[in-house]
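The following exercises ask the reader to examine one structure and to work through each solution step by step.

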Amino acid sequence: MSNIKQRPLAQRLARPELLELEIYQSARRIGGRGDIWINANESPFNNSELASLNRYPECQPPELISAYSRYSGVSEQSIITGRGADEAIELLIRTFCIPGIDSIASFGPTYGMYAISAKTFNVGVKSLSLTADYQLPKEIVNQTQGAKLVFICNPNNPTGTVIDVESIEQVLTKLPETIVVVDEAYIEFCPEYSVAHLIEKYDNLVVLRTLSKAFSLAGARCGFLMANPNICDMVMRVIAPYPVPLPVSQLATAALSGPGIKLMRQQVKSLKSCGARLSDTLQSIGAKVLPANGNFVLARFQTSTVSEKLHTAGIVARAYNDPKLANCIRFSFSNQSDTDAIINILNQ
């Protein structure tokens, strides 16, 4: 028993069988040096203009990991890349939750994939509620008791609300034997709320990031899991042999270059400007609008007439079945011409 207590938190919480798992050694993980490569049953013919496309990519492309480390300020040893933040959610559940026994917790209304991913692996879900002002409940320790993973979406989707760094740090302190997962998919729109700088301080913190939003690479599917190296080690035991396709890696690395980051920040500024105009218009027609901290705004209407008006005009926005979001519509921010068109429709 004493040996178990001496193990790192990640090993204590991981599914026991993973500690003894013989990790699959793909050709790229084994590596090697030479001029003729015949160790991976690949085709020798590259029928693409993209170099090395006939070869399997690196499991964790060094250039991409290095680029994200420079951008995020997080050590390379604490970063895993994969197919968007959605894959990271599933990897965490597969790594730490025993099907039929363990559970996760999340605070709604929030991103639905935390619960869906858990349920598809027969993992329990504690569907908890944010407070009336969309903050974490004071009874968080009692409410999350028994959960292996606690998911906090910040900024929260679909409300767009934020939880300050101090509050999240308090959760990390109150739940030292629980992995706290902070989903920062929209953090580029409010970087001052990031907790990535706390990764070295807390071994129970995981931060999720994506290039789908501010970096405009939703179609490429590239995201990052950032955590204590011990957590990363356990997650790497269940990750796919080649999670990041070569073209995706190259696109992502370019997006994280100096010019790529500069362009992202310019576009974020533009989106926030258009979003402010849209929010003002929504308020002017009587909608209750929450503060926007991502690339979207959630508006609550008295009736469904606005939804019908948008549908007639060919504008596809997001409505919800959740009773907590009755008569709510989430408007993603867009460019100036789209914003002008939406505002014109709303004012009719």
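**Exercise 1.** Which element gives the largest share of the lining of the largest cavity?

*Solution.* The model is a predicted one. A search of the whole structure finds three cavities of 30 Å³ or more. The largest cavity has a volume of about 50 Å³. Its lining includes Phe107, Leu130, Tyr134, Phe151, Ile152, Cys153, Asn156 and Thr161. Strand β4 supplies the largest share of this lining, with three residues. By class, the lining of the largest cavity holds nine nonpolar residues, two polar residues and no charged ones.

**Exercise 2.** Determine whether Thr159 is buried or exposed, and describe its surroundings.

*Solution.* First, locate the residue: Thr159 belongs to the loop between β4 (147-153) and α9 (165-174). Next, apply the cut-off: a residue is buried if its relative accessible area is under 20%. The relative accessible area of Thr159 is 0%, so Thr159 is buried. Then consider the polar contacts of its side chain. One, of 3.0 Å, is made with the side chain of Asn156, and another, of 2.6 Å, with the side chain of Thr161. Both Asn156 and Thr161 are listed in the lining of the largest cavity. Finally, leaving aside residues up to four places away in sequence, Thr159 touches Pro109, Tyr134, Leu290, Pro291, Phe296 and Leu298.

**Exercise 3.** Compare the expected span of helix α6 with the distance between its end C-alpha atoms, and state how many of its residues are buried.

*Solution.* Helix α6 covers residues 84-96, which are 13 residues. The expected span is 1.5 Å times one less than the number of residues. For α6 this gives 18 Å, and the end C-alpha atoms are 19 Å apart, which agrees. As for burial, 10 of the 13 residues are buried, so α6 is largely enclosed by the rest of the structure. Among the buried residues are Gly84, Glu87, Ile89, Leu92 and Phe96.

**Exercise 4.** What is the volume of the largest pocket, and which residues are the closest to its centre?

*Solution.* The largest pocket has a volume of about 1,000 Å³. It is lined by 44 residues, of which Tyr111, Gly112, Asn157, Tyr186 and Arg330 are the closest to the centre. The elements that give two or more residues to this lining include α6, β2 (103-108) and α12 (258-284). By class, the lining of the largest pocket comprises 20 nonpolar, 15 polar and nine charged residues.

Key. Residues are numbered from 1 along each chain as its sequence is written. This is a predicted model: local features need pLDDT of at least 70, side-chain atom pairs count only at pLDDT 80 or more; totals for chains, interfaces and linings use all residues. Side-chain values use heavy atoms; hydrogens and water are left out. Helices (H or I, at least four residues) and strands (E, at least two) are DSSP runs, numbered from the N terminus. Buried means under 20% relative accessible area, exposed over 50%, partly exposed in between (1.4 Å probe, protein chains only). A polar contact is a pair of N or O atoms within 3.5 Å; within protein, one must be able to donate a hydrogen and the other to accept it, and residues adjacent in sequence count only if both atoms are side-chain atoms. Contact means heavy atoms within 4.5 Å. On a 1 Å grid over the protein atoms alone, a cavity is a set of points where a 1.4 Å probe fits but cannot get out, and a pocket is an open set with protein on both sides within 12 Å along at least five of seven lines; lining residues have an atom within 4 Å of a point. Grid points are joined across faces, edges and corners, and a volume is the space filled by probe spheres set on the points. Ala, Val, Leu, Ile, Met, Phe, Trp, Tyr, Cys and Pro count as nonpolar, Asp, Glu, Lys and Arg as charged, and the others, Gly among them, as polar.
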